[in-house]
Amino acid sequence: MAYAYDDQNIFAKILRGEIPNKTVLETEHTLAFEDIRPQAPVHVLVIPKGPYVTYDHFAETASDAEIVDFNRAVAAICRQMDVTADVGEGARFISNAGEHGVQEVPHFHLHILGGRWMGRMVAKAE
Ligand code: AMP
């Protein structure tokens, strides 16, 4: 079954300029902005501008140019926010997908969390 993209999701509205955002970085195919409910001193969301629902949807169907642009943007943001693991103290990268992944917004996004110790990777489900 193919993915169906809901163009009324909140990140689609951000991409169309209908809702404001605190932009961290913008490139040809990628937008990064601050999470509205930050869970760490650094909490940036990185999204492709194209209509992809999840990470695997993006990885399977986006163009090479979009995939390269996205990943280079992630690297640039980590440098910009000082959360690389070489000169900085590292970060947690999370992408929730679908029901089991507890995805709230159905437009692929990568969370970059840093600026504090992030704890164990996965908590026991409640
Ligand atoms: P997820 O559960 O991975 O889908 O997470 C969605 C994230 O989007 C949450 O961390 C929210 O705080 C964040 N979020 C929701 N609306 C906005 C918004 N208008 N601007 C920035 N972040 C948002």
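Here's a quick briefing on the ligand site and the aromatic pairs in this structure. Keep in mind that this is a predicted model. The ligand sits in the largest pocket, with 15 residues surrounding it. Away from the ligand topic, a search of the whole structure turns up 6 aromatic pairs.

**Who surrounds the ligand**

- Of the 15 residues around the ligand, the closest are D35, N96, E104, H109 and H111.
- Sorted by class, that shell comes out as 7 nonpolar, 4 polar and 4 charged residues.

**Polar contacts to the ligand**

- D35 has a side-chain N or O atom 2.5 Å from an oxygen atom of the ligand.
- N96 puts a polar side-chain atom 2.8 Å from a ligand oxygen.
- For H111, a polar side-chain atom likewise lies 2.8 Å from an oxygen atom of the ligand.
- How much of the ligand does the protein bury? Taken alone, the ligand exposes 510 Å², and the protein buries 91% of that.

**Pocket and secondary structure**

- The pocket that holds the ligand is the largest one.
- Two elements give two or more residues each to the shell around the ligand: α1 (10–15) and β2 (30–34).

**Aromatic pairs**

- The whole-structure search finds 6 aromatic pairs, and one of them is F58 with F70.
- A pair of aromatic rings is described by the distance of the centres and the angle of the planes.
- For F58 and F70, the centres are 5.3 Å apart with 55° between the planes, so the pair counts as tilted rather than edge-to-face, a label that needs an angle over 60 degrees.
- F58 belongs to helix α2 (residues 55–61) and F70 to helix α3 (residues 64–81), so this pair ties together parts that are 12 residues apart in sequence.

Note on methods
Residues numbered from 1 in each chain as written. Predicted model: local features only at pLDDT ≥ 70, side-chain atom pairs only at ≥ 80, totals over all residues. Heavy atoms only, no water. Near = heavy atom within 4 Å. Polar contact = N/O pair within 3.5 Å; in protein donor to acceptor, adjacent residues only side chain to side chain. Areas by Shrake-Rupley, 256 points an atom, 1.4 Å probe, with all protein chains shown as cover. 1 Å grid on protein atoms, 1.4 Å probe; cavity = no way out; pocket = protein on both sides within 12 Å on 5 of 7 lines; lining within 4 Å. Sits in = over half its atoms within 2 Å of the grid points. Helix = DSSP H or I, 4+ residues; strand = E, 2+ residues; numbered from the N terminus. Nonpolar A, V, L, I, M, F, W, Y, C, P; charged D, E, K, R; others polar. Phe/Tyr/Trp six-rings, centres within 6.5 Å; stacked < 30°, edge-to-face > 60°.
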